[in-house]
Amino acid sequence: MGYENLADAISASHSATDRIMRGDSGGFKDLYSRSGDITLGNPFGGFGRGREGVFEQLDRAASYFSDGRAMEFEQIAKTAADEFAYTVEIERVEVKVAGRAEQSEFAARVTSVYRREQDGWRLIHRHADPRVSRQTADSVLQT
């Protein structure tokens with residue numbers, strides 16, 4: 001089911017982030033559009049395209065997380081039109097990553113694109129990466 005209000009779709013995205021920090025990718029799977037043109041770039045690299053590719057990326061990311069929670073969503077920008085909307089946020093979470101015993105905090109800069117579909121607002125693209133702070137110029141070079 002989509003969401004009648006964009007604010008509800010954004011709230012569902014925040015809840016999905018909280019769920020994935022506990023290893024559950026279901027919140028994002030429910031929020032994504034049912035169409036084939038969806039995409040996902042998560043912090044672990046690569047892009048998922050289409051439902052199969054996006055769901056594989058979601059499941060892979062969820063498998064790396066446990067015992068976590070979303071702590072804060074800092075909205076940098078939000079724009080909405082009749083059919084499309086996007087948010088740019090910094091998500092801060094606390095989670096156990098890759099089977100580690102201790103929890104770690106990390107932040108990701110996240111761009112989410114939503115589309116109003118027949119059943120309401122749905123996510124069609126999400127990109128998250130951990131490069132929240134400024135980097136040196138040579139940090140983009142692969143060594």
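When I call a residue buried I mean that its relative accessible area is under 20%, while exposed means over 50% and partly exposed lies in between, with a 1.4 Å probe and protein chains only. By that reckoning S25, at 7% relative accessibility, counts as buried, and I will start from that residue. Before I do, please keep in mind that this is a predicted model, in which local features need pLDDT of at least 70 and side-chain atom pairs count only at pLDDT 80 or more, whereas totals for chains, interfaces and linings use all residues. Residues are numbered from 1 along each chain as its sequence is written, and side-chain values use heavy atoms, with hydrogens and water left out.

S25 sits in the loop between α1 and α2, where helices (H or I, at least four residues) and strands (E, at least two) are DSSP runs numbered from the N terminus. If we leave aside residues up to four places away in sequence, S25 touches I20, L58, D59 and A62, a contact being heavy atoms within 4.5 Å. From E74, which is 49 residues away along the chain, S25 is separated by 22 Å between C-alpha atoms.

Let me turn to helix α1 itself. It covers residues 6-20, 15 residues in all, and reaches 21 Å from its first C-alpha to its last, close to the 21 Å expected at 1.5 Å a residue; the expected span is 1.5 Å times one less than the number of residues. Which residues of α1 are buried? They are L6, A9, I10, A12, S13, H14, A16, T17 and I20. As a reminder, an α-helix has 3.6 residues a turn, so residues three or four places apart point the same way. The cover over the buried residues of α1 includes α2 (26-31), α3 (50-64), β3, β4 (84-97), β5 and β6 (120-129).

Next comes the interior space. The structure holds one cavity of 30 Å³ or more, and about 180 Å³ of space lies in the largest cavity. Here a cavity is a set of points, on a 1 Å grid over the protein atoms alone, where a 1.4 Å probe fits but cannot get out, and lining residues have an atom within 4 Å of a point; the points are joined across faces, edges and corners, and the volume is the space filled by probe spheres set on them. Of the 16 residues that line the largest cavity, I20, M21, P43, R126 and A128 are the closest to its centre, and the elements giving two or more residues to this lining are α1, α3, β4, β5 and β6. The lining divides into twelve nonpolar, two polar and two charged residues, where Ala, Val, Leu, Ile, Met, Phe, Trp, Tyr, Cys and Pro count as nonpolar, Asp, Glu, Lys and Arg as charged, and the others, Gly among them, as polar.

R126 also appears among the contacts of S112, a residue of strand β5 that is buried, with a relative accessible area of 1%. Not counting residues up to four places away in sequence, S112 touches A85, Y86, T87, L123, H125 and R126.

Now to the aromatic rings. Rings of Phe, Tyr and Trp (its six-membered ring) pair if their centres lie within 6.5 Å, and planes under 30 degrees apart count as stacked, over 60 as edge-to-face and the rest as tilted. By this rule the count comes to three aromatic pairs. Why is the pair of F44 and F65 called tilted? The ring centres are 5.6 Å apart and the planes stand at 50 degrees, so the pair is tilted. This pair links distant parts of the chain, 21 residues apart, with F44 in the loop between β1 (39-41) and β2 (48-49) and F65 in strand β3 (residues 65-80). F65 is buried at 8% relative accessible area, whereas F44 is partly exposed at 32%. F65 also pairs with F106, and here the rings are stacked, 6.1 Å centre to centre with 25 degrees between the planes. Because F65 lies in strand β3 and F106 in strand β5 (residues 104-117), the pair ties together parts that are 41 residues apart in sequence. F106 is partly exposed, with a relative accessible area of 26%. Ring pairs link F44, Y64, F65 and F106 into a cluster.

I will close with backbone angles. Most residues other than glycine have a negative phi. D67, in strand β3, nevertheless has a positive phi of about 50 degrees, and D67 is partly exposed at 48%. A98, in the loop between β4 and β5, has a phi near 55 degrees and counts as exposed at 59% relative accessibility.

Methods:
1 Å grid on protein atoms, 1.4 Å probe; cavity = no way out; pocket = protein on both sides within 12 Å on 5 of 7 lines; lining within 4 Å.
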